[in-house]
Amino acid sequence: MVNEINKELEKLVAEVLENAPEHFLVSLWIKPTNNVKVLLDGDKGITIEQCVRFNRQLVPKIDEAGLFPPGEYSLEVSSPGVDEPLQLYRQYVKNIGRTVQVVRKDQSVVTGVLQEVNPETITLETTEGKGKKAVKVPVTLPLNDMHTITVQIQF
């Protein structure tokens, strides 16, 4: 039953996003308390105001679809936090040029600037050595070897 509700919610989110093709669904889940969490992102990011607008567009659609008893659910629309791993190819593309940390399936870690993305691999520019001996080295990693890829905030 939850899978059917998830699929219906994904359809409703897609309808809301039809007029905003620069935005996309990252993930959606329902907590046991009927708290629906929708994570959206955009090719150029997403603002709080945009999340609020999408939330307001979704509520009547959910009510109309009768997915939950009236008044017995809550809806939270937000962007993935900066600490959330990237999940979609589209997120990888939007983060080209940013520093990312890749945790591979063997739990080894590679950190570098995301230079290139294609459907099977990513290329990072990593730094080997320190100080004047530091050298920039490109490293290509297969996407199917990734456990997580997380953007690193630079200060």
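Strand 1 is mostly covered, with 6 of its 8 residues buried. The model is a predicted one, and strand 1, residues 23–30, is a convenient place to enter it.

Strand 1 belongs to an open sheet of 3 strands, arranged in the order 1-2-3 with mixed pairing. Strand 1 and strand 3 (74–78) are the edge strands, each pairing on one side only. Between neighbouring strands of the sheet the average turn is 20°, with direction ignored.

The mixed pairing can be followed strand by strand. Strand 1 and strand 2 run antiparallel and are joined by 7 bridges. Within this pair, I30 has V36 of strand 2 opposite. The two strands form a hairpin with 4 residues between them, and N34 in that hairpin adopts a positive phi near 60°. On the other side, strand 2 and strand 3 run parallel, joined by 5 bridges. One of the facing residues here is K37, which stands opposite E76 in strand 3.

Helix 2, residues 48–65, packs on this sheet and touches strand 1, strand 2 and strand 3. The direction of helix 2 makes about 150° with that of strand 3. Taken in sequence, strand 2, helix 2 and strand 3 make up a β-α-β unit, and the unit is right-handed.

Strand 3 has two faces that are treated unlike each other. The side chains of L75 and V77 point to one face and are buried. Those of S74, E76 and S78 point to the other face and are not buried. E76 thus sits among the residues of strand 3 that are not buried, and its partner across the pairing is K37.

Is K37 itself buried or exposed? K37 lies in strand 2, which spans residues 35–42. Its relative accessibility is 14%, and because the cut-off for buried is under 20%, K37 counts as buried. A lysine in this position has a polar partner: the side chains of K37 and E76 are joined by a polar contact of 2.7 Å.

What else is K37 in contact with, leaving aside neighbours within four places in sequence? The residues are S27, L28, W29, K31 and E76. Of these, S27, L28 and W29 fall within strand 1, residues 23–30, while E76 belongs to strand 3. K37 therefore has contacts in both edge strands of the sheet, and with E76 the pairing position and the side-chain polar contact involve one and the same residue pair.

Conventions: Residues are numbered from 1 along each chain as its sequence is written. This is a predicted model: local features need pLDDT of at least 70, side-chain atom pairs count only at pLDDT 80 or more; totals for chains, interfaces and linings use all residues. Side-chain values use heavy atoms; hydrogens and water are left out. Buried means under 20% relative accessible area, exposed over 50%, partly exposed in between (1.4 Å probe, protein chains only). A polar contact is a pair of N or O atoms within 3.5 Å; within protein, one must be able to donate a hydrogen and the other to accept it, and residues adjacent in sequence count only if both atoms are side-chain atoms. Contact means heavy atoms within 4.5 Å. Two strands pair if DSSP finds at least two bridges between them. Axes are lines fitted to C-alpha atoms, for helices over the stretch in contact, and angles run from 0 to 180 degrees between N-to-C directions. A crossover is right-handed if, with the strands pointing away from the viewer, the path from the first strand over the helix to the second runs clockwise.
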